[in-house]
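Welcome! Take a moment to look over the sequence and the 3D structure, then work through the exercises below at your own pace.

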Amino acid sequence: MKVLIVNGSPHTDGSVSVALKEVENALNQEGIDTEVIQIGRLAIRSCVACKSCYKTGKCAIDDIVNEAAPKFEECDGLVVGAPVYYAAANPTLTAFLTRLFYSTRFDKRMKVGAAVCSARRGGITASFDELNKFFTISGMPIASGQYWNGIHGNSAEDAKKDLEGLQMMRTLGKNMAFLIKSIALGKKEYGLPEKEEPIRTNFIN
Ligand SMILES: Cc1cc2nc3c(=O)[nH]c(=O)nc-3n(C[C@H](O)[C@H](O)[C@H](O)COP(=O)(O)O)c2cc1C
């Protein structure tokens with residue numbers, strides 16, 4: 001069982017990484033493998049709505065998004081970590097997730113999702129809500145911790161002092177591992193839920 005961890009921060013050793021490391025250690029202790037990808041310093045465009053992915057199943061902008069897609073397809077869970085910029089998840093991460101989720105056609109149902117945010121002071125819950133929407137539109141259950149997964153810090157040193165934040169991340173990792181294992185058992189016993197043909201009603205009338 002494997003979890004893909006996407007660090008959206010431009011800092012490999014910043015506050016987001018402190019939080020993600022705590023989640024990762026807890027997952028590993030529970031026997032779940034992890035892979036971290038660092039995307040925050042890459043020049044990642046957002047979706048240009050060319051819709052060529054409808055035909056190809058991959059993004060026309062051939063970059064880290066297409067590299068990450070097979071890793072996402074193979075994993076049992078996805079953790080995304082964002083620094084908060086103007087009370088929202090940082091745009092490099094949301095550009096990456098927008099294209100990753102939109103361009104891929106594989107079934108994401110029952111892959112477990114978790115979002116983690118870091119801020120100096122405010123905007124964690126707004127960013128957390130924003131990120132969770134990628135999971136809930138895709139049939140992905142969300143693993144939760146013991147609060148709204150956030151750590152406070154303007155640097156790694158600050159973040160390491162947020163003992164409640166660190167505990168929240170450990171709890172999240174343990175809960176996520178439990179959920180992934182439970183879903184694996186459930187899939188074996190019951191299979192995935194039956195899927196209807198999607199109905200799309202656009203609100204124009
Ligand atoms: C462009 C920019 C906007 C920011 N906006 C906010 C904000 O709205 N609220 C906040 O508390 N911190 C804000 N910060 C601070 C970062 O969220 C905070 O330092 C974060 O923990 C950085 O994580 P990192 O060390 O992993 O990069 C902002 C930082 C930058 C660079």
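**Exercise 1. Lysine 181 and its partner**

Is lysine 181 buried, partly exposed or exposed?

Before solving this, please note that the model is predicted, that local features need pLDDT of at least 70 and side-chain atom pairs count only at pLDDT 80 or more, while totals for chains, interfaces and linings use all residues. Residues are numbered from 1 along each chain as its sequence is written, and side-chain values use heavy atoms, with hydrogens and water left out.

Step 1. Recall the classes: buried means under 20% relative accessible area, exposed over 50%, and partly exposed in between (1.4 Å probe, protein chains only).

Step 2. Lysine 181 has a relative accessible area of 32%, so this residue is partly exposed.

Step 3. Now look for its partner. Lysine 181 forms a salt bridge with glutamate 30, with 3.9 Å between the closest N and O atoms. The two residues come from distant parts of the chain, 151 residues apart: lysine 181 is in helix H7 and glutamate 30 in the loop between H1 and S2. A salt bridge here is a side-chain nitrogen of Lys or Arg within 4 Å of a carboxyl oxygen of Asp or Glu. Helices (H or I, at least four residues) and strands (E, at least two) are DSSP runs, numbered from the N terminus.

Step 4. Glutamate 30 is partly exposed too, at a relative accessible area of 33%.

**Exercise 2. Other salt bridges**

Find out how many salt bridges the structure holds, and follow one that involves lysine 2.

Step 1. The total is seven salt bridges.

Step 2. In one of them, the side chains of lysine 2 and glutamate 35 meet, N to O, at 3.2 Å. Because lysine 2 lies in strand S1 and glutamate 35 in strand S2 (residues 33-38), this pair ties together parts that are 33 residues apart in sequence.

Step 3. Lysine 2 is partly exposed at 34% relative accessibility, and glutamate 35 is partly exposed at 22%.

Step 4. Another salt bridge joins arginine 109 and aspartate 107, whose closest N and O atoms are 2.8 Å apart. Through shared partners, salt bridges also join Lys2, Glu35 and Lys71 into one network.

Step 5. Compare the classes in the arginine 109 pair: arginine 109 is buried at 18%, whereas aspartate 107 is partly exposed at 36%.

**Exercise 3. Checking a helix**

What span should helix H7 have, and does the model agree or disagree?

Step 1. The rule is 1.5 Å times one less than the number of residues.

Step 2. H7 covers residues 163-190, which is 28 residues, so its expected span is 40 Å; the end C-alpha atoms are 40 Å apart, in agreement.

Step 3. Next, see which residues are tucked away. The buried residues of H7 include Gly165, Leu166, Met168, Ile180 and Ile183.

Step 4. The buried residues of H7 pack against several elements, among them S1, H1, strand S3 (77-85) and helix H6 (156-161).

Step 5. After H7 comes glycine 191, with a positive phi near 75 degrees.

**Exercise 4. Two buried polar residues**

Describe the surroundings of serine 9 and glutamate 24.

Step 1. Serine 9 sits in the loop between strand S1 (2-7) and helix H1 (15-29), and with a relative accessible area of 4% it is buried.

Step 2. A polar atom of the serine 9 side chain lies 2.9 Å from the backbone nitrogen of histidine 11.

Step 3. Beyond neighbours within four places in sequence, serine 9 is in contact (heavy atoms within 4.5 Å) with Val16, Gln38, Gly40, Gly81 and Pro83.

Step 4. Glutamate 24 is in helix H1 and is buried at 10% relative accessibility. Residues up to four places away aside, glutamate 24 touches Ile5, Thr34 and Val36.

**Exercise 5. Around the ligand**

Which residues come nearest to the ligand?

Step 1. Of the 17 residues around the ligand (a heavy atom within 4 Å), the nearest are Val84, Ser118, Arg121, Gly153 and Asn154.

Step 2. Look at the backbone: a backbone N or O atom of valine 16 is 3.0 Å from a ligand oxygen, and a polar backbone atom of alanine 87 is 2.9 Å from an oxygen atom of the ligand.

Conventions. Polar contact = N/O pair within 3.5 Å; in protein donor to acceptor, adjacent residues only side chain to side chain.
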